[in-house]
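Q: I am new to this structure and would like a close look at a single part of it. Could you take me slowly through the sheet and the helices packed around it?

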Amino acid sequence: MKRVVLLVLDSVGIGALPDAHLYNDEGANTLANIANALGGLNLPTLQKMGLGNIHPIKGVAPVEKPIASYGKMAEKSPGKDTTTGHWEIAGYILDKPFPTYPNGFPQDLIEEFEKRIGRKTLGNYPASGTQIIEDLGEEHVKTGYPIVYTSADSVFQIAAHEEVIPLEELYEMCRIAREMLVGDHGVGRVIARPFIGQPGNFSRTTNRKDFSRLPDRKIVLQSLQEEGYEVLSIGKIWDIYGGVGITKSLKSKSNLDGLQKTIESLKEDFSGLIMTNLVDFDMLYGHRNDVEGYGKALMETDQMVGKILDNLKEEDILIITADHGCDPTHPGTDHTREYVPILVYGKKLPVQPLGVRESFVDVAATLVKIFNLKDQYSGKSLI
């Protein structure tokens, strides 16, 4: 059996890309800046794998003999959002970025959306998800109008109180928006953002649901599925790819829950890929500029990665990377245009420095080599 665990540490970047100035992200370095702000990080498992050999990280010194191959990857696609990064990991480099709306969505588009859902809307401007429900939540509860907003990412987000607009109705609104947002308005994701609570004390729930734009080119998940391999997604992977190429999906409530499900899945017999996304780094800490929470989550994840290593069989391979940065010490609350770390471990694999890779597609090329797939993706195998 051939089995690979692909762990995506959502937003765990490792230094600004050469074109970061185009995104106002000069100086961003999610890992190093968090470590500096906290006086150091304690990541013994990732340290022995070679994380500190990639870039200086306070508290994570380089080791003489790392147990994994180590390096960093540049994002070749334009943009810095979740969908862009994950698509590139799976072999799809975007020709042009997904559309963004720094001034809100066009009025004619909003009016058509309101006509289709039978309600007026509130908002229609870029905002933090937690801030906009504080600003508009009370008016939403009074009127029943859903809150529409965006961010620096290519997203159309709809927030609604679960007792005002039931979840299924909110999800249907998102489906309507997804059908509308095509062509020039083909955003990466439409996202349902339900919340609960009272004015002054609103909080988002875990019933978020993403409605992703589907890849219009073949991705490596499809190549695996066509060759008869299992493709198990854990966390928001199903939502990011719209289910394309995935044979089984498990939801996760948190980073730790996703990691525990990864470990449990390794105890089953199958041949194929487990792809897990750890969204808490991004959603709970990066976007909220919570340096302390981000650092704690990194250290908790490090302990669980140790347990994953303990559960790998002789032929299993673990690949750890990220999809973009979200430096909580950086001005603003948006993603940051960064390199991402890459660690590749297998009990039978030789250990080597991987250097600076030109594209995330090298992960797809690696899966092609491991599983001997017919389809080829522009990239160089990490093995």
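A: **The sheet and its helices**

In this predicted model, the axes of helices α1 and α12 come within 10 Å and cross at roughly 110°. An angle between 65 and 115 degrees counts as roughly perpendicular, and α1 is therefore roughly perpendicular to α12. On the α1 side the residues that meet the partner helix are T30, L31, I34, A37 and L38, while α12 contributes V291, E292, Y294, G295 and L298. Sorted by class, the residues of this contact between α1 and α12 comprise 7 nonpolar, 2 polar and 1 charged.

Helix α12, which spans residues 291-310, also packs against a second helix, α10, which spans residues 255-266. Here the axes of α10 and α12 come within 10 Å and cross at roughly 5°. Since angles under 35 degrees count as roughly parallel, this crossing makes α10 roughly parallel to α12. The contact is formed by N255, L256, L259, Q260, T262, I263 and L266 of α10, together with A297, E300, T301, M304, K307 and I308 of α12. By class, the contact of α10 with α12 holds 7 nonpolar, 4 polar and 2 charged residues.

From α10 the path leads to the sheet, for α10 lies across β1, β9 (230-234), β10 and β11 (272-278), and runs at about 165° to β11. The sheet itself is open and has 8 strands, in the order β10-β9-β11-β1-β12-β13-β2-β14, with mixed pairing. The edges are taken by β10 (248-250) and β14 (353-357), each of which has a single partner strand, so one side of each is left without a neighbour in the sheet. Neighbouring strands of this sheet are turned against each other by 15° on average, with direction ignored.

Within the sheet, one pairing can be followed residue by residue. Strands of a sheet pair through backbone hydrogen bonds, either parallel or antiparallel. Strand β1 (residues 3-9) and strand β12 (residues 317-321) run parallel and are joined by 5 bridges. In this pairing, L6 of β1 stands opposite I319 in β12.

The loop between β1 and α1 (30-38) holds D10, a residue that also appears in a database record. In an unreviewed UniProt entry, the annotation "binding site" covers D10, D323 and H324. These positions are spread over 315 residues of sequence, yet they cluster in space, with a largest C-alpha distance of 7.1 Å.

Elsewhere in the chain, another pair of helices can be described in the same terms. Helix α5 (residues 107-117) and helix α7 (residues 167-180) pack at an angle of about 135°, with their axes 10 Å apart, and α5 and α7 are therefore oblique to each other. The crossing of α5 and α7 is right-handed. The residues in this contact are L109, E112, F113, R116 and I117 from α5, and M173, I176, A177 and M180 from α7. The contact of α5 with α7 is made up of 7 nonpolar, no polar and 2 charged residues.

As a wider frame, an unreviewed UniProt entry lists residues 2-374 under "domain: Metalloenzyme". Over residues 2-374 the chain is 35% helix and 21% strand, and the end C-alpha atoms lie 16 Å apart.

How values were computed:
Residues are numbered from 1 along each chain as its sequence is written. This is a predicted model: local features need pLDDT of at least 70, side-chain atom pairs count only at pLDDT 80 or more; totals for chains, interfaces and linings use all residues. Side-chain values use heavy atoms; hydrogens and water are left out. Axes are lines fitted to C-alpha atoms, for helices over the stretch in contact, and angles run from 0 to 180 degrees between N-to-C directions. Helices (H or I, at least four residues) and strands (E, at least two) are DSSP runs, numbered from the N terminus. Angles under 35 degrees count as roughly parallel, over 145 as roughly antiparallel, 65 to 115 as roughly perpendicular and the rest as oblique. A crossing is left-handed if the near helix is turned anticlockwise from the far one by less than a right angle, and right-handed if clockwise. Contact means heavy atoms within 4.5 Å. Ala, Val, Leu, Ile, Met, Phe, Trp, Tyr, Cys and Pro count as nonpolar, Asp, Glu, Lys and Arg as charged, and the others, Gly among them, as polar. UniProt positions are given in the numbering used here, feature names are shortened, and annotations may be inferred rather than shown by experiment. Two strands pair if DSSP finds at least two bridges between them.
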